[in-house]
Amino acid sequence: MKKTTTLYEDGDHRWIVVARDPERPDHLIDTNEYLITSAGEGLLTDPGGMEIFPAVFSAISGVFDPEKIHTLFASHQDPDIISSLALWLDFNPSLHCYLSWLWDSFVPHFGGNEDTFRPIPDEGMAIPLGELTLQAVPAHYLHSSGNFHLYDGKARILFSGDIGAAMIPHEEDYLFVTDFDRHIRYMEGFHRRWMGSNEAKRDWCERASRMQIDMLCPQHGAIFQGADVERFIHWLDELKVGSGIRG
Amino acid sequence: MNRGWRDAELLRVVRLNEAIKAVSEASRQVYTIALNAMFAARQSQVRVPGFTRVTEELRVFSQRLDRSVVEVGGSLGQMVRVGAELAKQARRGRHFERADTGCRRQGTSPALLAGVLAAQRARQGECARLLENLRHAVVEALGRALRLCGIGEQLAVLCKVEAQAGGVNAELDAVAVRLQQAIAEILIRLNGARALLKP
């Protein structure tokens, strides 16, 4: 079963990461889900694939009532992001799922109907949650052509989807980046290959550098905190991506 | 059936569908052979009114058999759709059962997923009942097709008798033999299809 770790807490405003399942089969990529709560309501980012639904659901049930999760946020359309949608809807048919307008007729192949989806326009939008207003931040072409991150200005946390993702080996399964230089080896190849546009990457780095971010939380790998956030943005800005083009 | 739509069952329906397609093809062959036989009889020097009449009956047989086979094909199509739904529900059910086990380990109330699990089981039960009804409909339709084939067999024998009625006519005799062979092929396929439905 996955573990839950609280990243931020201010009253009932919380960020909880659901990560690191020791029972996860090796052929499934590891994922991080983030539960954001405010005023008794929950929003789950990139809830994951069908195969990991039991691990995610049961881990969450230990810290928060899953019936109070009314909103899902899908950074993009991949199966490891949102293929569990049908199961979440079986549990709560009135759930809403925010995702790029680009995918609002593709993702319904995983489940849902016309009432389920809240399409996000290219420029992003505000997403209400309890007493909070979260912001869907554009990150198109990083890696998906319709891609969003989710920013909580009060907690100063950015959920960054596949940006900042790393493939950390089992024996070094740390949740927080503590040695940035060493961590590069686990994320460099991923970013070079999965990210296709240097222009989009530059655009995102400029936008992110203007935001106040205490924690940058990717969907795979480890979380960046404090000075490592800025270090990461600079590192990414310098990185040449789109390695598959030369392949 | 409640344990889910297993791959082996889907494979069985696929094989059944192939057998039914072969029956349909053989039935069309009967129609074509019977039609050609009628033309051949008209062109022959020998008067064979009985032969011509039997070939007409064989064409009617072929059309009735084809309708019967279309009915089976429709039921098989529905079986695949319902079976796929059952497989989907069973898969979802397994995910929820695992989630339920995890929640209990967390000390969460068993009531949390009780409703979803009950609904999953009810949907699976409904699909299983539908599948059983469809299987029954296919068995019945195949039984009717087999009884029809009994008539077809008799017509083919009659055809051979009538071909010889006006004296030895090698061409009409050969046609009668081809009709017998085509109907025998249909019988083999239908019996094979029925055997596939046995539990």
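Biologist: What makes strand E4 (residues 41-45) of chain A largely enclosed by the rest of the structure?

Modeller: In this predicted model, four of the five residues of E4(A) are buried, so the strand is largely enclosed by the rest of the structure. Buried here stands for 20 or more other C-beta atoms within 10 Å of a residue's own.

Biologist: How do you know that strand E3 (residues 33-38) of chain A pairs with E4(A)?

Modeller: Pairing takes at least two bridges, and five bridges join E3(A) to E4(A). The two strands run antiparallel, and Leu35(A) stands opposite Leu44(A) in E4(A). E3(A) and E4(A) form a hairpin with two residues between them. In the turn, Ala39(A) has a positive phi of about 50°.

Biologist: And what makes strand E5 (residues 69-73) of chain A a partner of E4(A)?

Modeller: Here four bridges join E4(A) to E5(A), set against a requirement of at least two, so the two count as paired. This time the strands run parallel, and Thr45(A) stands opposite Phe73(A) in E5(A). Between E4(A) and E5(A) the chain passes through helix H1 (residues 53-61) of chain A, making a right-handed β-α-β crossover.

Biologist: Why are E1 and E7 of chain A said to stand at the edges of the sheet?

Modeller: Let's start with the whole sheet. It is open and has seven strands in the order E1-E2-E3-E4-E5-E6-E7 (chain A), with mixed pairing. E1 and E7 of chain A each have a single partner strand, so one side of each is left without a neighbour in the sheet. On average, neighbouring strands of this sheet are turned by 20° against each other, direction ignored.

Biologist: Why is Phe117(A) called buried?

Modeller: Phe117(A) has 21 other C-beta atoms within 10 Å, and the cut-off is 20 or more, so Phe117(A) qualifies as buried. This residue lies in strand E7 (residues 117-120) of chain A. Leaving aside residues up to four places away in sequence, Phe117(A) touches Cys97(A), Leu99(A), Asp104(A) and Gly112(A).

Biologist: How far apart are Phe117(A) and Ser61(A)?

Modeller: They are 24 Å apart in space, C-alpha to C-alpha, and 56 residues apart in sequence.

Biologist: Ser61(A) is in H1(A). What makes that helix largely enclosed?

Modeller: Nine of the nine residues of H1(A) are buried, so the helix is largely enclosed by the rest of the structure. Among them are Phe53(A), Pro54(A) and Phe57(A). H1(A) lies across E1, E2 and E3 of chain A, running at about 140° to E2(A). The cover over its buried residues includes E1, E2, E3 and H3 of chain A, together with helix H2 (49-105) and helix H3 (111-163) of chain B.

Biologist: So chain B is involved. How do you know that the two chains touch?

Modeller: Contact calls for C-beta atoms within 7 Å, and 13 residues of chain A are in contact with 11 residues of chain B. H1(A) gives the most to chain A's side, with six residues, and helix H3 (85-91) of chain A also supplies at least two. That side divides into nine nonpolar residues, three polar and one charged.

How values were computed. Residues numbered from 1 in each chain as written. Chains lettered and ligands numbered in written order. Predicted model: local features only at pLDDT ≥ 70, side-chain atom pairs only at ≥ 80, totals over all residues. Buried ≥ 20, exposed ≤ 12 C-beta atoms within 10 Å, placed from the backbone. Right-handed = clockwise from strand over helix to strand, strands pointing away. Nonpolar A, V, L, I, M, F, W, Y, C, P; charged D, E, K, R; others polar. Axes fitted to C-alpha atoms, helices over the stretch in contact; angles between N-to-C directions.
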